[in-house]
Amino acid sequence: MVLFVNSCVRDESRTGKLAWALLEKIGDDYTEIRLEEVSFPKTDENFLKKRDSLIASGCFDDDSFSLARQFASADTIVIAAPYWDLSFPASLKQYIEHINVLGITFEYTAEGMPHGLCKAEKLYYIMTAGGSYVPDEFGFMYIKALAQNFYGIGDVELIKATGLDIVGADVESIMNKALADISSG
Ligand SMILES: Cc1cc2nc3c(=O)[nH]c(=O)nc-3n(C[C@H](O)[C@H](O)[C@H](O)COP(=O)(O)O)c2cc1C
């Protein structure tokens with residue numbers, strides 16, 4: 001199963017356009033989660049206490065863990081995230097807080113190192129940015145570190161198009177280049 005984690009919000013999202021091209025290329029059916037449609041609970045003390053107690057009693061089939069179980073069982077993950085404020089929309093961070101469940105997506109070794117429990121071997125991270133100051137470290141590199149070190153997904157690929165909002169930018173040609181890279185990649 002391909003899991004499409006979609007944090008795009010605009011109808012005309014360029015990030016979404018790249019993601020759909022990739023999904024078409026991968027060719028499998030996919031399950032999409034539109035993060036803007038998910039009402040994530042607040043990660044407050046009550047939430048954490050309830051989660052800790054479910055984990056301590058081994059209740060991993062609880063409904064509150066359904067997104068974590070879905071993520072852990074996907075074969076391929078595709079994350080689409082517009083570049084916002086040097087990283088990505090807050091809904092993606094909410095999703096991460098929600099799926100990082102000890103005993104479902106990852107566990108800790110006795111030495112305190114995370115060990116992945118996810119089935120996927122490949123994660124694609126797709127983003128577009130308006131400008132050209134687009135360091136990878138706060139968005140893509142963070143997701144890559146989680147994928148490789150927490151979830152156990154070794155193969156992480158970045159697909160991106162940048163400079164789309166620069167005055168005078170040839171948006172069509174930037175997008176066509178990214179789309180061509182997807183179809184030839
Ligand atoms: C809330 C917000 C924050 C943004 N922050 C940045 C930024 O830090 N750097 C940048 O280059 N572009 C930034 N942009 C521009 C977007 O990255 C750009 O328009 C992107 O292509 C939007 O993706 P979409 O077409 O999929 O919605 C921001 C846009 C929004 C709405």
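These questions and answers concern the nonpolar cores and one helix pair of a predicted model.

Me: Which helix or strand gives the largest share of the largest nonpolar core?
Reply: The largest nonpolar core has 38 residues, and I77, L92, Y95 and Y125 have the most contacts inside it. At least two residues each come from β1 (2–6), α2 (45–56), α3 (66–73), β3 (76–80), α4 (90–99), β6 (122–128) and α5 (140–151). The largest share is five residues, and the element supplying them is α5.

Me: Which residues is Y95 in contact with, leaving aside its neighbours within four places in sequence?
Reply: Y95 is among the residues with the most contacts inside the largest core. Leaving aside neighbours within four places in sequence, its contacts are L3, V5, I33, L35, F40, L67 and F71.

Me: How many residues are in the other core, the one with L23 and A161?
Reply: This core lies apart from the largest one. Among its residues are L23, A161, M175 and A178, and its size is 17 residues.

Me: Why is α1 called roughly parallel or roughly antiparallel to α6?
Reply: The axes of α1 (residues 14–26) and α6 (residues 171–184) come within 9 Å and cross at roughly 25°. Angles under 35 degrees count as roughly parallel. The angle between α1 and α6 therefore makes them roughly parallel.

Me: How many nonpolar, polar and charged residues make the contact of α1 with α6?
Reply: α1 passes α6 in a right-handed crossing. On α1 the contact is made by R14, K17, L18, A21, L22 and K25. On α6 it is made by V171, M175, A178, L179, I182 and S183. These residues divide into eight nonpolar, one polar and three charged.

Conventions
Residues numbered from 1 in each chain as written. Predicted model: local features only at pLDDT ≥ 70, side-chain atom pairs only at ≥ 80, totals over all residues. Heavy atoms only, no water. Core = buried A, V, L, I, M, F, W, Y, C linked by side-chain atoms within 4.5 Å. Buried < 20%, exposed > 50% of the residue type's maximum accessible area, 1.4 Å probe, protein only. Helix = DSSP H or I, 4+ residues; strand = E, 2+ residues; numbered from the N terminus. Contact = heavy atoms within 4.5 Å. Axes fitted to C-alpha atoms, helices over the stretch in contact; angles between N-to-C directions. Parallel < 35°, antiparallel > 145°, perpendicular 65-115°, else oblique. Left-handed = near helix turned anticlockwise from the far one by under 90°. Nonpolar A, V, L, I, M, F, W, Y, C, P; charged D, E, K, R; others polar.
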